[in-house]
Protein chains: 2
Amino acid sequence: MALCIWCKCVACYFLIGLQFIRIFSLLKSRPVYLLPALDGDMKTMTFLQEVVDILLAYITESFDRETKVIDFHYPNELLQRNNWELQDEPETLDDILISCRATLKYAIKTAHPRYFNQLSTGLDMVGLAADWLTSTANTNMFTYEVAPVFVLLEYVTLKKMREIIGWEDGRGDGIFSPGGAISNMYAMLLARFKMFPEVKEKGMSSVPRLAAFTSEHSHFSIKKGAAALGIGTESVICIKADESGKMIPADLERKILEGFVPFFVSATAGTTVYGAFDPLIAISDICKKYQVWFHVDGAWGGSLIMSRMHKWKLDGVERANSVTWNPHKMMAVPLQCSALLVREEGLMQNCNQMHACYLFQQDKHYDLSYDTGDKALQCGRHVDIFKLWLMWRAKGTIGFEAQIDKCLELSEYLYNKIKDREGYEMVAPVIKARMMEYGTTMVSYQPQGDKVNFFRMVISNPAATFEDIDFLIEEIERLGQDL
Amino acid sequence: MALCIWCKCVACYFLIGLQFIRIFSLLKSRPVYLLPALDGDMKTMTFLQEVVDILLAYITESFDRETKVIDFHYPNELLQRNNWELQDEPETLDDILISCRATLKYAIKTAHPRYFNQLSTGLDMVGLAADWLTSTANTNMFTYEVAPVFVLLEYVTLKKMREIIGWEDGRGDGIFSPGGAISNMYAMLLARFKMFPEVKEKGMSSVPRLAAFTSEHSHFSIKKGAAALGIGTESVICIKADESGKMIPADLERKILEGFVPFFVSATAGTTVYGAFDPLIAISDICKKYQVWFHVDGAWGGSLIMSRMHKWKLDGVERANSVTWNPHKMMAVPLQCSALLVREEGLMQNCNQMHACYLFQQDKHYDLSYDTGDKALQCGRHVDIFKLWLMWRAKGTIGFEAQIDKCLELSEYLYNKIKDREGYEMVAPVIKARMMEYGTTMVSYQPQGDKVNFFRMVISNPAATFEDIDFLIEEIERLGQDL
């Protein structure tokens with residue numbers, strides 16, 4: 001590394017040669033000679049630097065439109081293309097590097113400007129750096145004692161997010177959880193506990209038959225949560241959506257009056273398939289009237305609140321009792337980063353705490369309110385905060401705003417380009433299969449209700465441009481030409 | 001970087017100067033010039049390399065016994081020591097690097113050979129490299145389509161783990177979940193569904209009053225899970241433990257006969273405080289007799305099954321219906337890495353699936369059994385598999401075995417050194433506070449039942465040696481001398 005490539009004197013050649021021999025012989029050695037092994041420092045630095053060089057090359061390639069998004073192979077084929085088996089004997093460091101290269105060769109380039117397949121796309125460089133640091137710090141969010149900085153940053157960031165939602169002085173509570181489905185489950189758990197605190201000790205047998213309400217276009221995690229929490233999927237009442245995918249408030253009110261005890265309404269801010277925003281103000285009025293917990297699932301669309309131009313779609317979110325907001329989607333924070341924000345302070349702690357005395361000792365010498373672990377369903381909790389916090393510092397609030405505005409501008413551009421074209425629907429699965437085989441771009445498809453398959457075009461990738469949208473349309477038409 | 005430090009010719013000095021100016025001016029620029037910005041390649045590489053240099057220095061320092069484990073500050077003090085606030089305006093790349101350095105300055109050095117504070121300690125270099133790669137690949141475990149290699153590696157690794165447990169041909173099911181608490185919750189959810197499949201649709205109102213059983217020394221996540229799932233903490237019946245912390249099977253049988261419908265027994269393989277192993281064979285006999293789901297919570301001690309010398313402590317685990325096993329604890333895989341293994345195939349899928357048609361399209365062109373997302377409670381799921389898989393390749397099974405054997409040897413050494421000493425108990429919180437202020441080592445303490453506070457010495461750190469154990473004992477005595 002530290003050798004001259006310009007003067008090319010004999011001494012340098014000699015030193016370069018020595019350097020190569022050193023790296024070569026190191027990489028033929030076993031991982032057991034890395035730290036914490038005695039004198040493992042240099043070997044470790046060389047090994048990690050080799051890995052980083054592989055990663056840097058992959059990053060450059062991922063952003064290059066000339067490379068394929070995907071080098072697709074069927075599962076059985078991929079199993080045979082490499083030796084993925086686990087063995088008794090150790091490998092050499094060189095073998096480890098080979099495995100890293102093979103893994104990346106067959107990985108999906110989710111940072112590629114033409115990757116539109118999921119709600120989470122793109123790769124932010126500051127977010128990535130933050131995630132590398134998080135791995136290196138390798139700690140756990142349960143107590144201030146083992147994660148002082150990260151616990152403070154979670155505190156600072158959740159407060160900021162609550163301020164943006166519009167809760168006075170950013171007051172309230174919240175947590176970063178492993179994904180939007182778990183955040184939604186937390187919300188349902190809190191709503192139930194708020195109405196029937198005895199459920200924690202006595203279970204559902206102490207509670208009348210409950211009903212939760214959400215639109216027919218809502219995310220499946222609402223039903224999944226109801227199944228897990230012992231409420232049952234039949235107690236999740238689906239409310240009709242209008243043709244643009246928004247919940248119809250009149251249908252909500254009608255169904256609330258129909259029978260079981262209403263305890264939870266989940267409005268969706270940005271549905272998974274249509275990207276529709278339920279009318280939050282009208283829904284919140286109904287929730288207030290019937291004293292039902294008002295949750296906003298903004299896993300996908302919640303980030304629009306960062307945009308002065310688009311945040312009107314979330315008008316009424318400040319009335320929510322809880323909000324799911326996933327910065328790993330439209331804000332392009334690396335996976336995973338999902339926040340649940342809760343208006344009432346102390347409720348999460350009361351709902352979930354179990355007072356484990358080995359972890360949350362009450363005689364500690366610092367302010368225990370920073371030991372946030374006992375309000376979580378998890379015991380150990382991954383540090384998901386640092387990447388969001390560092391990206392926020394890097395971009396500023398206005399940077400996130402610009403990123404979101406650009407995504408919406410691209411969507412509008414796409415909409416205008418295809419609104420008069422026809423013939424996409426019926427052949428989506430075949431085109432998708434070809435797309436993956438050619439590897440040129442990736443976009444998802446699905447049916448909705450009685451409609452047949454259609455492409456679901458997601459624009460959350462900060463790397464995408466107008467040209468990439470043009471390319472996508474042309475590619476879909478090219479791949480579908482003979483169908 | 002690529003400049004001569006030996007020949008020191010004028011040309012080199014000139015080039016070195018240019019290089020510094022280049023890096024300096026780059027780092028004064030905004031993150032918006034990084035990829036995907038046009039011509040962002042070089043800037044990105046320089047920035048990421050600067051971050052890596054900071055991380056490499058931190059790693060070297062973390063393993064150095066001369067450095068402090070912790071630079072402790074009280075929450076309010078830490079809040080004031082740096083500007084942690086989120087602002088509207090972006091920062092420069094240089095500011096970002098300063099934030100990275102500040103974050104690491106106040107972080108706990110969990111890799112330090114004298115960090116004994118939690119069940120997860122140490123930092124494995126191959127695991128770290130794998131986690132950096134995982135962040136770079138930035139994808140999601142829900143479908144084969146977006147994570148082909150990682151989905152296959154999860155398949156390969158879960159199969160291997162089931163083989164080691166002793167299930168025929170490694171058959172069964174499983175998932176990597178965000179921590180042992182969630183793995184245990186999955187087990188309880190499966191047990192309930194197995195006995196009463198109607199609970200998924202109809203909720204707990206369709207089910208008789210249930211009872212779960214676990215030892216009084218078990219992890220608090222069993223109760224937390226019961227509260228969340230609508231079973232209620234009062235339905236978790238605590239079984240007496242003997243003086244070494246093992247569940248007493250006779251007490252289990254007595255309590256199973258007492259009333260509510262028994263559906264779940266969780267035996268603990270390695271309790272959190274004593275490290276005790278419940279007698280699995282005797283417990284499994286009782287579960288068989290009363291047809292109750294037999295779960296083994298081996299979050300902490302499950303890894304002993306990798307050791308030919310110590311795996312007898314888990315005799316009977318092969319009879320379990322489900323097993324929690326956290327490689328992020330004694331196997332020192334970076335956080336988080338927790339597996340739930342399930343003997344019955346297909347049960348997880350039936351229990352949790354919701355058939356979200358936008359994600360798990362049934363007309364895909366590849367084998368759908370690799371789309372594992374619908375058997376999870378999460379929708380998006382972080383890639384936790386690669387670090388375990390790569391470490392396994394690097395060490396081989398025998399490498400993990402040696403690591404675990406060494407931890408147990410150190411425990412025995414500690415036990416022998418302190419068994420005849422007295423006077424630790426009463427002053428644990430004061431010594432702990434001093435320990436954190438001096439920053440020389442970190443170990444946890446807690447009470448258990450009617451016993452007063454004592455230090456809970458965890459040995460899972462692969463960097464620890466006999467000398468570190470000696471240091472710890474001396475340090476505890478030194479810090480407690482005047483008490």
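Here are some questions and answers on the domains, interfaces and salt bridges of this predicted model.

Q: How many residues of domain 3 of chain A are in contact with domain 2 of chain A?
A: Start with the bounds: domain 2 of chain A covers 132-389 and domain 3 covers 399-479. Their C-alpha centres lie 30 Å apart. Domain 2 puts 19 residues into the contact, and on the domain 3 side the number is 15.

Q: Which three residues supply the most of the area that domain 2 of chain A buries against domain 3 of chain A?
A: The area buried between these two domains is about 1,500 Å², and carbon and sulfur atoms give 63% of it. On the domain 2 side, 32% comes from a trio that no other three residues beat: A:V273, A:Y274 and A:M330.

Q: What is the N to O distance in the salt bridge of A:R308 and A:E401?
A: Between domain 2 and domain 3 of chain A, the count is 1 salt bridge. Going by the domain bounds, 132-389 takes in A:R308 and 399-479 takes in A:E401. The side chains of A:R308 and A:E401 meet with N to O at 2.6 Å.

Q: How many residues on the side of domain 2 of chain A that touches domain 3 of chain A are nonpolar?
A: Polar links do turn up here, with 4 residue pairs in polar contact across the interface of the two domains. By class, though, the domain 2 side has 5 polar and 4 charged residues, and the nonpolar ones number 10.

Q: How much area do chain A and chain B bury between them?
A: Contact between the chains involves 164 residues of chain A and 164 residues of chain B. Carbon and sulfur atoms carry 67% of the buried area, and the total is about 14,200 Å².

Q: Which helix of chain A gives the most residues to the side that touches chain B?
A: The interface of chain A and chain B has 70 residue pairs in polar contact. With 14 residues, the top contributor on the chain A side is helix α2 (residues 41-62).

Q: How many charged residues are on the side of chain A that touches chain B?
A: Across the interface of chain A and chain B there are 8 salt bridges. One salt bridge between the chains is A:R393 with B:E91, whose closest N and O atoms are 3.4 Å apart. The chain A side has 97 nonpolar and 40 polar residues, and its charged residues number 27.

Q: Is B:A356 buried or exposed?
A: B:A356 sits in the loop between α12 (347-352) and α13 (385-418) of chain B. Leaving aside neighbours within four places in sequence, B:A356 is in contact with A:F220 and B:D374. Its relative accessibility is 6%, so B:A356 counts as buried.

Q: How many residues apart along the chain are A:D94 and A:K28?
A: The side chains of A:D94 and A:K28 meet in a salt bridge, N to O at 3.0 Å. A:D94 is in helix α4 (residues 93-105) of chain A, whereas A:K28 is in the loop between α1 (10-27) and α2, and the separation along the chain is 66 residues.

Q: Where in chain A does A:R319, the salt-bridge partner of A:D285, lie?
A: A:D285 and A:R319 form a salt bridge with the closest N and O atoms 2.9 Å apart. At 41% relative accessibility A:D285 is partly exposed, and A:R319 is partly exposed too, at 34%. The pair links distant parts of the chain, with A:D285 in helix α11 (residues 280-290) and A:R319 in the loop between β6 (293-298) and β7 (322-325).

Q: Why does A:E475 count as buried?
A: A:E475 pairs with A:R478 in a salt bridge, N to O at 2.8 Å. Both lie in helix α15 (residues 466-479) of chain A, 3 residues apart, about one turn of the helix. A:R478 is partly exposed at 43%. A:E475 is under the 20% cut-off for buried, because its relative accessibility is 4%.

Q: Which residue of chain B is linked with A:E145, A:K364 and A:D371 in a network of salt bridges?
A: The structure holds 52 salt bridges over all chains. In this network A:E145, A:K364 and A:D371 are linked with B:K432.

Key. Residues are numbered from 1 along each chain as its sequence is written. Chains are lettered from A and ligands numbered from 1 in the order in which they are written. This is a predicted model: local features need pLDDT of at least 70, side-chain atom pairs count only at pLDDT 80 or more; totals for chains, interfaces and linings use all residues. Side-chain values use heavy atoms; hydrogens and water are left out. Domain bounds come from an automatic or database domain assignment. Contact means heavy atoms within 4.5 Å. Buried area is the accessible area (1.4 Å probe) that two parts lose on being put together, summed over both. A salt bridge is a side-chain nitrogen of Lys or Arg within 4 Å of a carboxyl oxygen of Asp or Glu. A polar contact is a pair of N or O atoms within 3.5 Å; within protein, one must be able to donate a hydrogen and the other to accept it, and residues adjacent in sequence count only if both atoms are side-chain atoms. Ala, Val, Leu, Ile, Met, Phe, Trp, Tyr, Cys and Pro count as nonpolar, Asp, Glu, Lys and Arg as charged, and the others, Gly among them, as polar. Helices (H or I, at least four residues) and strands (E, at least two) are DSSP runs, numbered from the N terminus. Buried means under 20% relative accessible area, exposed over 50%, partly exposed in between (1.4 Å probe, protein chains only).
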